[in-house]
Amino acid sequence: ERGRAPLLPDLLRVLDEGPDRVRAVTLDRGDIGRYQEAVDPLHRSLLGILDGPLGDTFATETSTRIDPASPAVCVDISRIGEADTQLTAAAMLAAWSDGLGTVAAAHALADAGLAPQRWFFTVLDELWRPLRAASGIVERIDALTRLNRSLGLGDAKITHTLKDAEALGSEADRAKARGFVERAGMVVCAGLPRTEMRELGEIVGMSEREIELVSSWSSPPGWAGTGINEEPPGRGRFLIKVGGRPGIPIKVSITDTERALHDTNTRWTGNELNLAKQGEGAR
């Protein structure tokens, strides 16, 4: 159909029809058997996508397009099940690709004088998910983020631990993933175990005092008198490292509204409160 972007089913239909322009690049020389032999691997892959769990996500038009003029855009994929690692990774990569494509489009409009010049900051959260999904994805992420300077783009890659890179299947992928940290202009660390801080220190360059400070934030909380865990010592604490300069420790404070919105511990804290009340009633 004219007026809309082509979809995967459209590509499948073109392969089935086999127009002359497509058959010419397969060198079938008028032999339909040679043509089918050439396109069958791609045909098989497309059928696997469309008939599998990825089909419902990638076989139709997007319901909401990214507006380049928006002050902020968040792509929420939380409805995808935790166990569906491949779909999660595919959705994350698609969202990142679409986002960076929107950035490039915004710059093209600005260069043509059709839109104001804008600068962008992207957040690639939960980086460990696509890293573990399949081999070769590291290279795709690397390609997505290498040209950010020419795009007037800053980006933050967020993951839990350096060991996410060590879990990759090939040494080439592990080296590229470690390169994300080595090339970073700024590294922000939350509480990490001492052994991991030493590994990170070899890449970033940290003093013994900085390693001691950040590793102390990973300690478990103490016990409060009510029986409810106190706030962990590392909550909201980060160390900002820029090159070989001394790190800057900070503490992020949030409002009560933000605390309620981002509380991922409700199942535990609610149970602890009930236990505390039961304990008081038994006295």
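**Charged side chains and an unusual loop**

Arg13 has a relative accessibility of 41% and therefore counts as partly exposed. This value, like every other one discussed here, comes from a predicted model. The partner of Arg13 is Asp10, and the closest N and O atoms of this salt bridge are 2.5 Å apart. Asp10 is itself buried, its relative accessible area being 14%. Both residues belong to helix H1, which spans residues 8–17, and because they are three residues apart they are separated by about one helical turn. Side chains of opposite charge can pair when their charged atoms come close.

Across the whole structure, the search finds six salt bridges. Another of them joins the side chains of Glu208 and Arg198, with an N to O distance of 2.8 Å. This pair links distant parts of the chain, as Glu208 lies in helix H11 (residues 208–216) and Arg198 in helix H10 (residues 194–204), 10 residues apart. Glu208 is partly exposed at 41% relative accessibility, and Arg198 is also partly exposed, with a relative accessible area of 36%.

A further salt bridge is formed by Asp155 and Lys157, whose side chains meet at 3.0 Å, N to O. Asp155 has a relative accessible area of 19%; the limit for a buried residue is under 20%, so Asp155 falls on the buried side of that limit. Lys157 is partly exposed, at 28% relative accessibility. Lys157 also takes part in a second kind of interaction: it lies over the face of Phe180, at 5.5 Å from the ring centre.

Where else does a charged end sit over a ring? The charged end of Arg23 sits over the ring of Tyr35, 5.5 Å from the ring centre. Arg23 and Tyr35 are both touched by Asp28, which also touches Arg34, when residues up to four places away in sequence are not counted. The side chains of Asp28 and Arg23 make a polar contact at 2.6 Å. Asp28 is located in the loop between helix H2 (20–25) and helix H3 (32–51). Is Asp28 buried or exposed within that loop? Its relative accessibility is 6%, so Asp28 counts as buried.

The neighbours of Asp28 deserve a separate look. Leu27 lies in the loop between H2 and H3, and Arg29 is found in that loop as well. Most residues other than glycine have a negative phi. Leu27, however, has a positive phi of about 55 degrees although it is not a glycine, and for Arg29, likewise not a glycine, phi is positive at about 55 degrees. Leu27 is exposed, with a relative accessible area of 51%, and Arg29 is exposed at 66% relative accessibility. The loop thus places the buried Asp28 beside the exposed residues Leu27 and Arg29.

Two other searches return nothing. How many disulfides does the structure hold? The count is zero. Two cysteines may be considered in this context. Cys74 is exposed, with a relative accessible area of 70%, whereas Cys189 is buried, with a relative accessible area of 3%. The number of aromatic pairs is zero too. Aromatic rings nevertheless appear in the contacts described above, namely Tyr35 beneath the charged end of Arg23 and Phe180 with Lys157 over its face.

Key
Residues numbered from 1 in each chain as written. Predicted model: local features only at pLDDT ≥ 70, side-chain atom pairs only at ≥ 80, totals over all residues. Heavy atoms only, no water. Salt bridge = Lys/Arg side-chain N within 4 Å of Asp/Glu carboxyl O. Helix = DSSP H or I, 4+ residues; strand = E, 2+ residues; numbered from the N terminus. Buried < 20%, exposed > 50% of the residue type's maximum accessible area, 1.4 Å probe, protein only. Disulfide = S-S within 2.5 Å. Phe/Tyr/Trp six-rings, centres within 6.5 Å; stacked < 30°, edge-to-face > 60°. Lys NZ or Arg CZ within 6 Å of the ring centre and 35° of its normal. Polar contact = N/O pair within 3.5 Å; in protein donor to acceptor, adjacent residues only side chain to side chain. Contact = heavy atoms within 4.5 Å.
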